[in-house]
Amino acid sequence: NPALYLNNLTSTFHHTIYRNRAESWKRIIDFWRYDVPLTVHENFAKLIYAFTIFTIAAGIGWLSAAYEDTFVCLILGDYYVNKTIANIEAGEPMAIYSSASQQDMFFMITINNITVSFYAFVMGIFLSVGTLVMMLQNGIVLGAFQFLFYKHKYLLICVLIVWIHGVLE
C-alpha cells in the first residue's frame with residue numbers, strides 16, 4: 001500500500017528531525033550570549049526604523065495631549081481617564097490595574113500582548129502598512145497616556161509599570 005509506505009516514511013523522518021534531545025544549560029547561556037546579540041546586530045537597521053517611528057508617534061500623542069485637553073479622553077475613553085484621575089487624586093495612580101488579582105492581571109496583559117503581536121504579524125503581510133499603522137496607533141496611545149501621568153506628577157511610576165509590559169508588546 002503506497003499510502004501506508006509514505007506515512008511510515010514521513011513518520012520516520014519526522015521522528016528523526018524532531019526527536020526530543022536534551023539541551024545543556026550551556027545552550028541557554030549561548031542563546032543570550034551569542035544568538036540574541038547576533039539577531040539584534042543583523043536586524044539593527046529595522047529595529048532603529050521601528051523605534052524611530054514609534055518614538056515619533058509617542059511624541060505626537062504627548063504633544064497632542066499637551067495642547068488639546070480632550071485628546072486623552074478621545075484616545076483612552078472618558079471612563080478610563082476619569083477613573084485614573086480619581087485614582088491619582090486618591091494617591092493610588094495605578095489602582096485601576098490592581099482591581100484584579102495578580103494572576104488575572106498577568107494573564108490579561110499576556111493575552112493582550114500576544115493578540116497585539118499576532119495582529120502586527122498578520123498586518124505585516126500587507127507590505128507592512130498594517131504593522132506601521134499599529135505602531136503609530138500604539139505610539140500615540142502611549143504618548144497620550146504618559147502625558148496624563150506627567151500632568152499629574154506620576155510619570156516615573158507610570159513609566160516603570162507600563163513599560164514592563166509595553167516593551168514586549
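Begin by selecting S101, which is found in the loop between α5 and α6. The helices named on this tour are DSSP runs of H or I with at least four residues, numbered from the N terminus. This is a predicted model, in which local features need pLDDT of at least 70 and side-chain atom pairs count only at pLDDT 80 or more, while totals for chains, interfaces and linings use all residues. Residues are numbered from 1 along each chain as its sequence is written, and side-chain values use heavy atoms, with hydrogens and water left out.

**The loop before α6**

S101 counts as partly exposed because its relative accessibility is 36%. Here, buried means under 20% relative accessible area, exposed means over 50%, and partly exposed lies in between, with a 1.4 Å probe and protein chains only. Add K151 to the selection: its C-alpha atom is separated from that of S101 by 28 Å, although the two residues are 50 residues apart along the chain.

Next, select N87 in helix α5, which covers residues 78-89. Is N87 buried or exposed? N87 is buried, because its relative accessible area is 11%. Show its neighbours as well: leaving aside residues up to four places away in sequence, N87 touches E92, P93, A95 and I96. Contact means heavy atoms within 4.5 Å.

**Helix α6 and its partner**

Move to D104, found in helix α6, residues 102-123. D104 is partly exposed, since its relative accessible area is 44%. A C-alpha to C-alpha distance drawn from D104 to Y34 reads 35 Å, for a pair 70 residues apart in sequence.

Now display α6 together with helix α7, residues 129-151. Their axes come within 7 Å and cross at roughly 140°. The axes are lines fitted to C-alpha atoms, for helices over the stretch in contact, and the angles run from 0 to 180 degrees between N-to-C directions. The two helices, α6 and α7, are therefore oblique to each other. Angles under 35 degrees count as roughly parallel, over 145 as roughly antiparallel, 65 to 115 as roughly perpendicular, and the rest as oblique.

Which residues meet between these helices? On the α6 side they are V116, Y119, A120 and M123, and on the α7 side G130, T131, M134 and N138.

**Along α7 and into the following loop**

Remain on helix α7 and select Q146. Q146 counts as buried because its relative accessibility is 5%. Not counting residues up to four places away in sequence, Q146 touches W62, L155, C158, V159, V162 and W163.

Then select K153, in the loop between α7 and α8 (155-166). K153 counts as exposed, because its relative accessibility is 72%. Its backbone also deserves inspection: the phi angle of K153 is near 65°, a positive value in a residue other than glycine.

**Helix α1 and a nonpolar patch**

Turn to helix α1, residues 2-18, and select Y18. Y18 is exposed because its relative accessible area is 58%. Together with Y5, L6, L9, F13 and I17, Y18 makes a nonpolar surface patch of about 680 Å². Patches are made of residues with over 30% relative accessible area and no salt bridge; like charges are joined within 9 Å, and nonpolar side chains (Val, Leu, Ile, Met, Phe, Trp, Tyr) within 5 Å. Accessible areas come from the Shrake-Rupley method with a 1.4 Å probe, and for residues only the protein chains shown count as cover.

H15 is also placed in helix α1. H15 is exposed, as its relative accessible area is 55%. From H15 to F118 the C-alpha to C-alpha distance is 29 Å, with their positions 103 residues apart in sequence.

**The salt bridges**

How many salt bridges does a search of the whole structure find? The search finds 2. A salt bridge is a side-chain nitrogen of Lys or Arg within 4 Å of a carboxyl oxygen of Asp or Glu. Side chains of opposite charge can pair when their charged atoms come close.

Select K26 and D30, whose side chains meet in a salt bridge at 3.0 Å, N to O. Both lie in helix α2 (residues 25-42), 4 residues apart, about one turn of the helix. K26 is exposed because its relative accessible area is 53%, whereas D30 counts as buried at 18% relative accessibility.

Finish with D35 and R27, which form a salt bridge whose closest N and O atoms are 2.8 Å apart. D35 is partly exposed, with a relative accessible area of 26%, and R27 counts as partly exposed at 35% relative accessibility.
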